[in-house]
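Colleague: I should like to learn how to read a protein model, feature by feature. May we work through one together?

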Amino acid sequence: MPRIEFTPQLRRFTDTPVVDTGAPTLREALEAAFAINPQLRGYVLDDQGHLRPNVVVFIDGRRSTDRIALAEALAPESRVFV
């Protein structure tokens, strides 16, 4: 099951849950985390729902390049770091 984790720097501002989710895409994994802590959305996404310029996402050790649709596929054992 994909796991999404957030940087310790974000913990200074809001709760950052570690989420195990069956989400098939990055966007859906992020939405699972936002369902637990809605305030986290504003730190990660801008008003258009795109990644903020200062946010970087790594999926299985590779930097994500899709900052707008966030449609990158997640494998069952993917690890996502925001």
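Modeller: Let us begin with the secondary structure. This is a predicted model, and its chain contains 3 helices and 5 strands. Followed along the sequence, these elements give the pattern β-α-β-α-α-β-β-β.

Colleague: How compact is the chain, for 82 residues?

Modeller: The radius of gyration is 11 Å, close to the 12 Å from the globule rule, so the chain is as compact as a globular protein of that length. The C-alpha trace spans about 30 × 20 × 20 Å along its principal axes. Of the 82 residues, 40% are buried. Among contacts with a separation of 6 or more, 45% are between residues 24 or more positions apart.

Colleague: How should I read the sheet, and what is the order of its strands?

Modeller: The general idea is that strands of a sheet pair through backbone hydrogen bonds, either parallel or antiparallel. Here, 5 strands form an open sheet in the order β2-β1-β5-β3-β4, and the pairing is mixed. Strands β2 and β4 are the edges, since each pairs on one side only.

Colleague: Which way do β3 and β4 run, parallel or antiparallel?

Modeller: They run antiparallel, and 2 bridges join them. Strand β3 covers residues 58-59. One bridge to follow in the display pairs Ile-59 with Arg-62 of β4.

Colleague: Let us turn to the helices. Which residues of α2 are buried?

Modeller: The general idea is that an α-helix has 3.6 residues a turn, so residues three or four places apart point the same way. In α2, the buried residues are Leu-26, Ala-29, Leu-30, Ala-32, Ala-33 and Phe-34. Their cover includes β1, β2, α3, β3 and β5.

Colleague: Which residues of the largest nonpolar core touch the most other members?

Modeller: This core has 22 residues, and those with the most contacts to other members are Ile-4, Phe-6, Leu-30, Val-44, Val-57, Val-80 and Val-82. Helices α2 and α3 each supply at least two residues, and α2 gives the most, with 6 residues. Take Leu-30 as an example: beyond residues up to four places away in sequence, it touches Ile-4, Phe-6, Val-44, Leu-70 and Val-82.

Colleague: Leu-70 appears in that list. Where does Leu-70 lie, and is it buried or exposed?

Modeller: Leu-70 belongs to the loop between β4 and β5. Its relative accessibility is 0%, so it counts as buried. Its phi is also worth reading: the value is near 55°, which is positive in a residue other than glycine.

Colleague: What is the phi of Asp-60?

Modeller: Asp-60 has a positive phi of about 50°, although it is not a glycine. It is placed in the loop between β3 and β4. Asp-60 counts as partly exposed because its relative accessibility is 38%.

Colleague: With which residue does the side chain of Asp-60 make a polar contact?

Modeller: Its partner is the side chain of Ser-78, at 3.0 Å. Ser-78 is in the loop between β4 and β5. With a relative accessible area of 1%, Ser-78 is buried, because the cut-off for that word is under 20%. The side chain of Ser-78 also reaches the backbone nitrogen of Ala-75 at 2.8 Å. Apart from neighbours within four places in sequence, Ser-78 is in contact with Met-1, Pro-2, Arg-3, Ile-59 and Asp-60.

Colleague: Is Pro-76 buried or exposed?

Modeller: Pro-76 lies in the loop between β4 and β5, and its relative accessibility of 57% makes it exposed. Setting aside neighbours within four places in sequence, Pro-76 is in contact with Met-1 and Pro-2. From C-alpha to C-alpha, Pro-76 and Arg-11 are 26 Å apart in space, with their positions 65 residues apart in sequence.

Colleague: Finally, how many aromatic pairs does the structure hold?

Modeller: There is 1 aromatic pair. It is formed by Phe-13 and Tyr-43, which are stacked, with 5.7 Å centre to centre and 20° between the planes. Phe-13 lies in the loop between α1 and β2 and Tyr-43 in helix α3, so the pair ties together parts that are 30 residues apart in sequence. Phe-13 is partly exposed, at 47% relative accessibility. Tyr-43 is also partly exposed, with a relative accessible area of 29%.

Technical notes. Residues numbered from 1 in each chain as written. Predicted model: local features only at pLDDT ≥ 70, side-chain atom pairs only at ≥ 80, totals over all residues. Heavy atoms only, no water. Helix = DSSP H or I, 4+ residues; strand = E, 2+ residues; numbered from the N terminus. Buried < 20%, exposed > 50% of the residue type's maximum accessible area, 1.4 Å probe, protein only. Polar contact = N/O pair within 3.5 Å; in protein donor to acceptor, adjacent residues only side chain to side chain. Contact = heavy atoms within 4.5 Å. Phe/Tyr/Trp six-rings, centres within 6.5 Å; stacked < 30°, edge-to-face > 60°. Core = buried A, V, L, I, M, F, W, Y, C linked by side-chain atoms within 4.5 Å. Pairing = 2+ DSSP bridges. Rg over C-alpha atoms; globule rule 2.2 N^0.38 Å.
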